[in-house]
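Trainee: Could you take me through a close look at a single part of this model, and set out carefully what can be said about it?

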Amino acid sequence: MLTRLLSLLGALLTLLTAAAVLALATRAPPPPASAPAGTSLPAPAAGGEPADSGAATGLKALAPRLLALATNPRLDWLRELGARLRPDGFRLTDTRFTLADTPLGETVTVVLDELRLRPARAGWRADVAGHLAGGPRVGFDGVAALDAGGATDGLRLVLRRVDLGGLLRRVAPELVVDAAGTASVVVTAALADGRLAGDLAATLRLAEGGRLRLRGMAEALPITTLEAAVRPGAGDGLAIERLALTSPAFELAARGELGPERVRLVLGADDVDVTWAPALWPAGVADGARDWVTANVTAGRITRLDLRLDLDREDLARDVLRADALYGEARVDDAEIHYLRPMPPAVGTDATARFDGDRLTFDVARGEAAGVEVTGGEIVVRDYADPATVERLEVTLDGRGRVQAMLALTDHEPLTLASRKGLPVADSAGSGSFVVRVGLPLLQDVELEAVDLAVDGRFTDVRLPGLAAGRDLTDADFELQATADMVRASGHGRVDGVPLELGFEAEGERETLTARGEVEAGRLQDLGAPPLPVEGTVGLDATLVTTADTTRDELRLDVGAAEIEVPELGIWKPRGVAGTVEARVVETAAGVDVERLAVSWPGAEIEGSARLDAAGRLQALRLDPLRVSGTDLSITGTRDDARLALRIRGARLDLAPVTGGAGGEAADDGDDGAAVDWREQAPLTVELAIDEVVAGGDGAVVDLTGRLSTDRERLRRVVLNAGLRPGGGTVRGRLEPTEAGGRFTLTTDDAGALTSALNLTRAVRGGLLEFGGTLTAQRPRLAFEGEVAASDFVLSGAPPVVRVLAAAPATAELADDELAVARFTSPITLDGGLLTLGDALLIASNLAVRTSGEIDLGEGRLDLRGNLAPVQGVNRFIGNLPLIGALLQGSRGAGAFALSFRVAGPWGDPTVNVNPLSVITPGVLRDLFAGAEMRPPRVPHDDD
């Protein structure tokens with residue numbers, strides 16, 4: 001366009017030169033006041049003949065010479081003509097010149113409404129006004145100066161009030177869409193010695209305001225001033241020495257070179273509103289980046305813009321510029337940049353934009369988004385050079401701020417990252433720094449799955465309520481990595497106040513929480529563990545994995561520095577003994593699977609698994625092995641319909657922790673004799689097959705087999721069979737349901753072996769035992785009524801009855817460490833922990849005892865009262881006396897001499913009180929031992 005404009009100005013300059021020559025040539029006779037209309041002059045052409053101009057006499061003959069002179073590089077003729085110029089000048093009006101074969105490639109008709117040529121101090125001055133005929137009207141009026149004196153000659157043409165819109169539409173109709181305004185044009189040429197001494201130059205100035213819209217621009221630019229200085233360049237090119245454009249929105253300056261082989265432009269602008277950037281951006285050059293900038297950079301100022309355009313011959317033949325033909329840099333201040341709508345934009349952004357090849361890069365210096373500070377980063381639009389490739393936006397931002405603000409930002413649509421990953425926003429706290437990366441295709445509608453998101457951060461003093469398996473995370477310092485479908489964090493903090501090393505990972509629907517640390521055993525409950533019999537420090541290593549329908553827990557406790565004590569089971573692990581507890585639990589909507597349970601330390605080894613349904617009812621159980629405190633068993637269980645069947649098998653069951661061990665006391669479980677509440681349990685069947693049962697005594701129950709069953713209310717049926725060691729005796733137990741509750745029996749042919757094996761007492765040797773009764777209640781306390789009967793056994797080790805004999809002088813000689821008992825019977829009731837003896841009778845070889853009272857099993861105390869009567873000695877002597885013996889002796893010769901006593905206090909060391917008086921009480925003791933069979937006992941021997 002500028003080349004054609006310069007050519008047109010050159011044609012006008014030629015016309016003015018010819019006009020000056022005509023004025024000089026017609027000096028005599030004087031010309032008329034005005035020349036006739038329609039005067040024409042052909043454009044200079046080698047060998048051409050000038051057309052008839054219709055001028056004054058001699059013009060036709062002079063025309064060929066004048067044209068030759070005008071096109072001659074030497075203009076010495078101007079000096080010759082200048083001397084003959086009339087003092088009052090020369091004037092033409094309403095004159096038309098037709099120029100054929102102009103550089104415009106067409107015939108141009110110039111209409112001079114008025115041309116006045118008059119002498120000036122250093123040559124001539126021409127005032128001109130006119131227009132171009134044909135096509136869009138291009139009007140002009142101006143001044144031309146022709147210097148023809150001295151050593152240097154020069155030409156200068158000034159055109160004022162040129163119609164810019166008409167001119168540009170005339171010379172560049174394919175480029176200009178809209179233009180308006182009035183311009184001035186100055187054309188200069190320097191001559192020396194009649195020769196062209198410099199380039200022909202033109203300056204265009206638009207000073208009154210206008211508008212300009214080139215093809216590819218979204219809208220017309222308002223123009224306040226427009227100045228351009230051009231000159232011929234290399235070859236047929238045009239050099240733009242200066243181009244300055246100002247508008248209400250920006251100021252633009254350019255320089256460069258325009259030619260048929262190459263176009264090079266360097267453009268600079270200051271203080272441009274970013275909303276005008278698309279208007280300056282040519283269509284067809286990186287349209288995707290252009291559209292993205294238009295839509296997403298919605299506010300700010302371009303404080304400095306530098307662009308370079310570099311095109312070669314092939315580029316000039318294309319309809320669309322190649323992407324790397326335009327490159328440059330812009331400084332943007334206080335911009336508002338959207339990156340993933342409808343998320344809050346980055347505002348107050350300072351950045352440097354670089355346009356190079358197929359990349360548009362924003363180097364961000366600072367900014368802020370929804371309360372999160374941006375400290376640096378990069379925004380890139382790339383891949384727009386290849387039409388077959390979808391352009392992409394890539395954002396990398398460094399920032400810092402409050403954790404709550406950052407979580408709130410990631411929780412905006414379309415990410416909703418915090419909500420989808422269960423990250424609490426409202427009550428969160430802490431601060432940190434981060435790097436966020438976002439990549440997405442520049443499409444009209446972008447699915448979230450097509451968005452690449454990555455966040456790396458470091459955070460301190462963080463509080464996230466309910467994050468760790470529903471528990472509060474506080475005082476946390478951690479590092480975070482996150483993507484659109486993954487969150488990973490690691491660091492340390494407090495979970496419900498417990499200090500731990502923590503890890504968290506959420507990917508898709510899978511979340512993993514890890515916790516490690518040294519924890520005081522008492523704080524394990526703060527983490528959700530049940531009360532554990534552990535004291536000291538525990539090494540915790542836990543992993544919780546949650547998916548859409550499954551929760552998996554893996555737990556490992558290092559209990560080497562802790563003490564574990566379960567007296568009821570005889571479990572004790574001191575501090576300093578290595579040990580571990582491990583568990584793997586899977587929870588689903590269907591229930592809970594304990595896939596693995598493992599306990600290990602010297603003296604304890606437990607491996608097992610279990611399955612519970614959704615209601616928490618045991619469905620399956622396996623403990624194999626179960627080795628602890630002398631017990632070596634395996635337990636398996638399965639549920640059949642509503643009933644749970646357990647099988648307990650193994651080599652050994654040690655009941656010493658329950659019975660108190662060898663010579664010890666049974667552990668007090670603190671439940672005061674409360675029974676199991678079967679309402680909370682499933683109906684149960686248990687099958688037993690145990691080689692040996694020990695309880696800390698001298699013997700054992702061997703080859704135990706049996707079966708028991710319960711319903712939801714009570715123990716229903718029991719059948720037990722076993723042998724005894726030593727001695728080879730047997731024991732049988734049975735419980736049968738009755739309407740009242742249940743009838744039970746227990747029989748053995750070696751009561752001493754049974755009581756010793758069960759560690760009840762070592763004071764009994766031998767004997768037959770029958771114990772039967774009725775269960776009246778199993779809840780809330782165990783209660784029964786029954787009767788015990790034993791015969792032919794020996795009491796040894798100074799039992800309480802011997803201590804009663806020793807306490808009275810009259811019977812001291814009867815006190816012996818062993819007491820052979822022929823028979824013992826007693827009604828007995830149990831209510832919770834209180835055992836009551838109704839009217840117990842013991843018949844030994846040399847005495848008989850009746851007693852009653854209570855034994856508190858929970859407290860381990862007894863309170864018995866009764867009477868004791870020797871069978872041998874005094875009673876037997878008196879009974880043999882004639883008449884007197886019959887009088888004093890009671891029925892069936894039971895005796896007439898008795899002692900009253902009371903035994904009360906702790907079970908192991910009671911207090912014995914005996915009436916010291918020996919009393920002969922005729923008739924009073926008549927029925928003292930009524931019903932007792934006075935036969936010599938069968939004394940068992942050790943080899944029995």
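Mentor: At 35% relative accessibility, Arg647 counts as partly exposed, because that value falls between the 20% under which a residue is buried and the 50% over which it is exposed. Bear in mind that this is a predicted model. Arg647 belongs to strand β37, which covers residues 643–654. If neighbours within four places in sequence are set aside, the residues in contact with Arg647 are Ser634, Ile635, Thr636, Thr638 and Glu687. For one of these, Ser634, the separation from Arg647 is 13 residues in sequence, while the C-alpha to C-alpha distance between the two is 8.1 Å.

Leu443 can be read in a similar way: its relative accessible area is 48%, so Leu443 is also classed as partly exposed. Leu443 sits in the loop that runs between β22 (429–441) and β23 (452–468), and together with Val390 and Val446 it makes a nonpolar surface patch of about 230 Å².

Turning from the surface to enclosed space, the whole structure contains 10 cavities of 30 Å³ or more, and the largest of them holds about 650 Å³. Its lining is made up of 41 residues, with Leu407, Thr410, Val455, Phe459 and Leu480 lying nearest the centre. Among the elements that give two or more residues to this lining are the strands β22 and β23, along with α8 (403–410) and β24 (471–483).

How values were computed. Residues numbered from 1 in each chain as written. Predicted model: local features only at pLDDT ≥ 70, side-chain atom pairs only at ≥ 80, totals over all residues. Heavy atoms only, no water. Patch = residues over 30% accessible without salt bridge, like charges linked within 9 Å, V, L, I, M, F, W, Y side chains within 5 Å. Areas by Shrake-Rupley, 256 points an atom, 1.4 Å probe, with all protein chains shown as cover. Salt bridge = Lys/Arg side-chain N within 4 Å of Asp/Glu carboxyl O. Helix = DSSP H or I, 4+ residues; strand = E, 2+ residues; numbered from the N terminus. Buried < 20%, exposed > 50% of the residue type's maximum accessible area, 1.4 Å probe, protein only. Contact = heavy atoms within 4.5 Å. 1 Å grid on protein atoms, 1.4 Å probe; cavity = no way out; pocket = protein on both sides within 12 Å on 5 of 7 lines; lining within 4 Å. Points joined across faces, edges and corners; volume = space filled by probe spheres on them.
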